[in-house]
Amino acid sequence: MRTSIATVCLSGALTEKLTAAARAGFDGVEVFENDLLASPLAPEEIRARCADLGLSIDLYQPMRDIEAVPQDEFARNLRRAEHKFRLMERLGADTVLVCSSVSLLAVDDDALAAFHLRRLAELADGFGIRVAYEALAWGRHVSTYDHAWRIVEAADHPALGTCLDSFHILARSSDPKDLEGIADIPGEKIFFLQLADAPLMAMDVLQWSRHYRCFPGQGGFDIAGLLKQVIRAGYRGPLSLEVFNDVFRQAEAGPTAVDALRSLLVLQESVGLTEPPAPVVPTGIAFAELVSPDVEPVTEILEALGFTRTARHRGKPVDLWQQGEARVLLNTGPGARRDGTQLAAVGLESPDPAGAAKRAEALLAPVLPRRRTPQDVPLDAVAAPDGTELFFCATGRPGLPSWTSDFEPVEPVELVEPVGLVEPVGSDEPVERAAPSVGGIRRIDHLALTQPWHQFDEAALFHRSVLGLGALESVDVADPYGLLRSRAVTNGDGSVRIALGVGPAPSADDSGRAQHIALATDDLVTAARRFRSAGGRLLTIPANYYDDLAAKYELDEGELETYRELGILYDRDADGAFRHCYTETIGRVFFELVQRDAGHRGYGAQNAPVRLAAQHVRRPVR
């Protein structure tokens, strides 16, 4: 189906909004009246600009407080409407949105409302314009879609139809039965469909609508269920987004428009309208890549954690550090930022790397060009919303090129406690490799990626739709300077876990909001002691935390004292315990050591405020 977006969804001047919509791939736009009034371009120039960009103008909006008012007021409304219809002729728009009245002058009289809307439609028809009547969720007398449709049906004019808006419908009721009446509306009388999602919130519906709408798939509404009913009714017009959101109106228009179109692509897939390449869910984390201008502090912490530098890339200044199944790439190339070490890329184990890349490209993920020699292994990579590079990898699997073939060994690896066949560096043939000793690192448990403040919802939708990961509920975490939002995405067995976080304000930029790599071990106490004995420094946790911990849980004798000594935090639920501690921050990155019971699915969220406060006390190492 055709796609459209209201200009109110995007930031900037009208011409910037139109350009962003066209570049993202939208077919048309709704021109919001305030955007036109603020534009220095004449309606004819805006029409020409849209034509040059390949955009249709699908709707002009809104007209307000038209119907069921005293006669003298309605006469003024018709004069106002005639002026707007002449403007729409110049603009090249043939459909106008009329919202149900919120005027104090409006009366509760459906017959009068139908009479006034018919008069308006007769006037519009003379200009070749259609009127789409929409029920505002806070309308004075008309606030539901079925009530609005009854009035349109009673008015009985070919130039009058209804506009269905997912927010106004679903904000009033989440009962699927309340949507069934949509399918009874003749499809040709549904003149327009506006789509918006929203987080489920208990607040005034007007404020909810004006500030917290989001794109489909980013909130809690059943947009797919509503769309199915609209399609059943026979609607064949555009799928149009109308999203009022304070964050979107401050963010750059281009990325927001891409995020918006992606949401519609995923929505169409969910109801069977399109069949993009199927999701290829990653099965593990192949590597995490750190970029650093100074190799020494990162090397020191990796060695203290028990990692060994096993290989170096043949043509790039990239070293492979490994322990168990955990792999960290250290890149000291010219792309390293002066503000310190950062997590720049993630390798995702994929059963079908090429298929994963096709899915990502179909859903508008930026495909990243790579400088490579003919001998380099072909690797597909895309950019996540925060700029993190995501590589779709195979590691030592028959029939697929292994990314490790680009690396040459720098020293032999001692084989102790062999645990099966894994890939060696520089070869596609599996060999036995040593397992980490008790207390050693087993694998990467999860990654925590800090998102730009205006892209948190986009990031969650991206990881779910492009990568096929499932999303947990968003949680708020208290930081000394505000609230942090966090949302984890994961595959079915937990072999891929990514915690997406965002700070409380656009200016947030400190070590407490750095990215981190969580490393799994089967014996956290031993791992922490080894790290400290090797010269590593663990984050110091306030004594008050352990006093509270003693009140919450009955721990084994000596357990609390050990945790206090090493700075270990503890959490427990019905599925088991979660123990974790943190290294100090290097640049924009720190490490977490994790021991989780098999059934535990959490990330220690209740301990996050303590960790954040402790990190504010410590300055990061550059």
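**Close-up views of a predicted model**

**Y570 faces R579 of strand 26 in a set of antiparallel strands.** This is a predicted model, in which local features are described only at pLDDT of at least 70 and side-chain atom pairs only at pLDDT 80 or more, whereas totals for chains, interfaces and linings take in all residues. Residues are numbered from 1 along each chain as its sequence is written, and side-chain values rest on heavy atoms, with hydrogens and water left out. Helices (H or I, at least four residues) and strands (E, at least two) are DSSP runs counted from the N terminus, and two strands are said to pair if DSSP finds at least two bridges between them. Strand 25 (residues 569-573) pairs with strand 26 in the antiparallel sense over five bridges, and R572 stands opposite A577 in strand 26. A hairpin of two residues joins strand 25 to strand 26.

**Strand 26 also pairs with strand 27, again in the antiparallel sense.** The pairing of strand 26 with strand 27 (residues 589-596) runs over five bridges, and one bridge partner of R579 in strand 27 is Q595. Six residues lie between the two strands of this hairpin, and G587 in the turn has a positive phi of about 60 degrees. A residue is called buried under 20% relative accessible area, exposed over 50%, and partly exposed in between (1.4 Å probe, protein chains only). Seven of the seven residues of strand 26 (residues 576-582) are buried, so this strand is largely enclosed by the rest of the structure.

**Eight strands close into a barrel with parallel pairing.** The order around the barrel is 1-2-3-4-5-6-7-8, and from one strand to the next the twist averages 30 degrees. Angles here run from 0 to 180 degrees between N-to-C directions, with axes fitted as lines to C-alpha atoms, for helices over the stretch in contact; contact means heavy atoms within 4.5 Å. Strand 5 (residues 130-134) and strand 6 (residues 160-165) pair in the parallel sense over three bridges, and the bridge partner of Y133 in strand 6 is T162. Helix 5 (residues 110-125) packs on the sheet and touches strand 3 (56-63), strand 4 (95-99), strand 5 and strand 6, its direction making about 150 degrees with that of strand 5. Helix 9 (residues 223-233) lies across strand 6, strand 7 (190-195) and strand 8 (239-241), and runs at about 170 degrees to strand 7.

**R130 lies in strand 5.** At 31% relative accessibility, R130 counts as partly exposed. Not counting residues up to four places away in sequence, R130 touches D94, T95, V96, A159 and F191. R130 and P158 are 28 residues apart in sequence and 8.3 Å apart in space, C-alpha to C-alpha.

**Helix 10 carries many buried residues, among them A253, T256 and A257.** The expected span of a helix is 1.5 Å times one less than its number of residues. For the 18 residues of helix 10 (residues 253-270) this gives 26 Å, which agrees with the 26 Å between its end C-alpha atoms. The buried residues of helix 10 pack against strand 1 (3-6), helix 1 (14-24), strand 7, helix 9, strand 8 and helix 13 (456-465). Following helix 10 is G272, whose phi is positive, near 85 degrees.

**F26, F85 and L120 touch the most other members of the largest nonpolar core.** A nonpolar core is a set of buried Ala, Val, Leu, Ile, Met, Phe, Trp, Tyr and Cys residues joined through side-chain atoms within 4.5 Å, and the largest one holds 101 residues. Leaving aside its neighbours within four places in sequence, F85 is in contact with M63, V96, L120, L123, A124, F127 and I129. A second, separate core of 73 residues includes V298, L449, Y563 and A614.

**The confidence of the prediction averages a pLDDT of 91 over the protein.** The pLDDT is the predictor's confidence in each residue, from 0 to 100, and 92% of the residues reach 70 or more. Over residues 415-434 the pLDDT is below 50, and this stretch has 52 contacts in the model beyond near neighbours in sequence. Residues 508-512 also have a pLDDT below 50, with 13 contacts counted beyond near neighbours in sequence.
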